Amino acid sequence: MLEALGLLMFGLLASSDSQWWVIGIALFLYGMGVGFATARVTNVVLANVRPQRAGQGSGIQGAERSTS
């Protein structure tokens with residue numbers, strides 16, 4: 001929800017003559033949303049990975065996240 005709100009705010013209010021704080025608030029909300037979503041996605045990805053393979057699963061998920 002925070003991510004969507006940040007993107008919506010950024011899309012509606014950001015322009016070349018916007019105040020810095022408008023951009024800052026939109027990016028803050030977006031960043032908080034991405035932070036919360038990343039932790040949740042990691043849990044979903046690793047839910048079915050055996051504990052002995054958790055390191056490999058986490059590494060693959062991190063590599064995929066950094067390339068997309």
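User: Leaving aside neighbours within four places in sequence, which residues is Leu-13 in contact with?
Analyst: Leu-13 is in contact with Ser-18 and Val-22. Contact here requires heavy atoms within 4.5 Å. The model is a predicted one.

User: Why does Leu-13 count as partly exposed?
Analyst: Its relative accessible area is 47%. Buried would need under 20%, and exposed over 50%. The 47% of Leu-13 falls in between, so partly exposed is the term. Leu-13 belongs to helix 1.

User: How far is Leu-13 from Gly-24 in sequence and in space?
Analyst: The two are 11 residues apart along the sequence. Their C-alpha atoms are 11 Å apart.

User: What makes Ser-16 exposed?
Analyst: Ser-16 has 83% relative accessibility. The cut-off for exposed is over 50%, so Ser-16 passes. Ser-16 sits in the loop that joins helix 1 to helix 2. From Ser-16 to Met-32 the C-alpha separation is 24 Å, with their positions 16 residues apart along the chain.

User: Where is Ala-47, and why does it count as exposed?
Analyst: Ala-47 lies in the loop between helix 2 and helix 3, the latter covering 54-67. Its relative accessibility is 55%. Exposed starts over 50%, so Ala-47 qualifies. Between Ala-47 and Gly-57 the C-alpha distance is 9.9 Å, at a sequence separation of 10 residues.

User: How do you know that the span of helix 2 agrees with its number of residues?
Analyst: Helix 2 runs over residues 20-46, which is 27 residues. At 1.5 Å a residue, the expected span is 39 Å. The end C-alpha atoms are 39 Å apart, so the two values agree.

User: Which residues of helix 2 are buried?
Analyst: They are Val-22, Ala-26, Leu-29, Gly-33 and Thr-42. Each therefore has under 20% relative accessible area. Val-22 is also a contact of Leu-13. As for spacing, an α-helix has 3.6 residues a turn, so residues three or four places apart point the same way.

User: What makes up the nonpolar patch on the surface?
Analyst: Leu-2, Phe-28, Met-32 and Phe-36 form the patch. Together they offer about 390 Å² of accessible area. Helix 2 gives the largest share, 3 residues. Leu-2 comes from helix 1, residues 2-13.

User: Why does Leu-2 count as partly exposed?
Analyst: Leu-2 has 30% relative accessibility. That is not under 20% and not over 50%, so Leu-2 is partly exposed.

User: What pattern does the protein chain follow along the sequence?
Analyst: The pattern is α-α-α. The chain has 3 helices and 0 strands.

User: How does the radius of gyration of the protein chain compare with that of a compact globule of 68 residues?
Analyst: The globule would have a value near 11 Å. The protein chain has 16 Å, so it does not match the globule rule. Along the principal axes, its C-alpha atoms fill a box of roughly 55 × 20 × 15 Å.

User: What share of the 68 residues is buried?
Analyst: 13% count as buried. The accessible surface comes to about 5300 Å², with 66% of this on carbon and sulfur atoms.

User: What share of the contacts with a separation of 6 or more joins residues 24 or more positions apart?
Analyst: Such residues account for 41% of those contacts.

Methods
Residues are numbered from 1 along each chain as its sequence is written. This is a predicted model: local features need pLDDT of at least 70, side-chain atom pairs count only at pLDDT 80 or more; totals for chains, interfaces and linings use all residues. Side-chain values use heavy atoms; hydrogens and water are left out. Helices (H or I, at least four residues) and strands (E, at least two) are DSSP runs, numbered from the N terminus. The radius of gyration is taken over C-alpha atoms; the globule rule is 2.2 Å times the number of residues to the power 0.38. Buried means under 20% relative accessible area, exposed over 50%, partly exposed in between (1.4 Å probe, protein chains only). Accessible areas come from the Shrake-Rupley method with a 1.4 Å probe; for residues, only the protein chains shown count as cover. The expected span of a helix is 1.5 Å times one less than its number of residues. Patches are made of residues with over 30% relative accessible area and no salt bridge: like charges are joined within 9 Å, nonpolar side chains (Val, Leu, Ile, Met, Phe, Trp, Tyr) within 5 Å. A salt bridge is a side-chain nitrogen of Lys or Arg within 4 Å of a carboxyl oxygen of Asp or Glu.
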